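This report looks at charged side-chain pairs and at the surroundings of one residue that takes part in such a pair.

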Amino acid sequence: MKPILSKAQLDYTKAKNLFENRAKVLEREIAAKRALQEITQEVMEELVQATGFHDAYNDLVIAENALIEWSHTTIKHEKTYRENREAIDAMYENVNASPEKRQELIQLSMKIR
């Protein structure tokens, strides 16, 4: 049985899948261009825009932020949150302290039902 996901979780999943697909397309385009010419910054920027990778990345960041905000709001109703409020709030405040912490919080947010 499929788990029931929130809108924030669904939006994140959709944005992540699109980003991963655009990344694959970008990799193929880079490989094709590399066979014909040197990959300069200008060429790379052109490929990033042409493949939709840049837009997909921006959409992913927006979806991640919405997911994190949703999870913080959602867990405030849990007993565990009330017992550990300061530590949990500190974790959310420092979500951008490192990419690893951000990813861990996103993974935890996807487990909320």
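## Salt bridges and the setting of Arg102

In this predicted model, Arg102 is found in helix H6. With a relative accessibility of 13%, Arg102 counts as buried, because the limit for that class is under 20% relative accessible area. Once its neighbours within four places in sequence are left aside, Arg102 is in contact with Val61, Glu64, Asn65, Ile68, Val95 and Asn96.

Two of these contacts can be described further. The side chain of Arg102 meets that of Glu64 in a salt bridge, with an N to O distance of 3.1 Å. Glu64 lies in helix H3 (residues 53–75) and Arg102 in helix H6 (residues 99–110), so the pair ties together parts that are 38 residues apart in sequence. Glu64 is also buried, its relative accessible area being 11%. In addition, the side chains of Arg102 and Asn65 are joined by a polar contact of 2.7 Å.

A search of the whole structure finds four salt bridges, and the table sets out three pairs, including the one just described.

| Pair | N to O distance | Relative accessible area |
|---|---|---|
| Asp11 and Lys7 | 2.7 Å | Asp11 33%, Lys7 62% |
| Glu64 and Arg102 | 3.1 Å | Glu64 11%, Arg102 13% |
| Glu83 and Lys79 | 3.7 Å | Glu83 52%, Lys79 56% |

How far apart in helix H1 are Asp11 and Lys7? These residues are four residues apart in helix H1 (residues 7–36), which means that about one helical turn separates them. The salt bridge between Asp11 and Lys7 has its closest N and O atoms 2.7 Å apart. Asp11 is partly exposed at a relative accessible area of 33%, whereas Lys7, at 62%, is exposed.

The pair formed by Glu83 and Lys79 is likewise placed within one helix, H4 (residues 79–83), where the two residues are four residues apart and therefore separated by about one helical turn. Their salt bridge brings the closest N and O atoms to 3.7 Å, a distance that qualifies because the cut-off is within 4 Å. Glu83 counts as exposed at 52% relative accessibility, and Lys79 is exposed as well, with a relative accessible area of 56%.

The settings of these pairs can be set side by side. Glu64 is buried and Arg102 is buried, and their salt bridge links helix H3 with helix H6. Glu83 and Lys79, by contrast, are both in helix H4, where Glu83 is exposed and Lys79 is exposed.

Conventions. Residues are numbered from 1 along each chain as its sequence is written. This is a predicted model: local features need pLDDT of at least 70, side-chain atom pairs count only at pLDDT 80 or more; totals for chains, interfaces and linings use all residues. Side-chain values use heavy atoms; hydrogens and water are left out. Buried means under 20% relative accessible area, exposed over 50%, partly exposed in between (1.4 Å probe, protein chains only). A polar contact is a pair of N or O atoms within 3.5 Å; within protein, one must be able to donate a hydrogen and the other to accept it, and residues adjacent in sequence count only if both atoms are side-chain atoms. Contact means heavy atoms within 4.5 Å.
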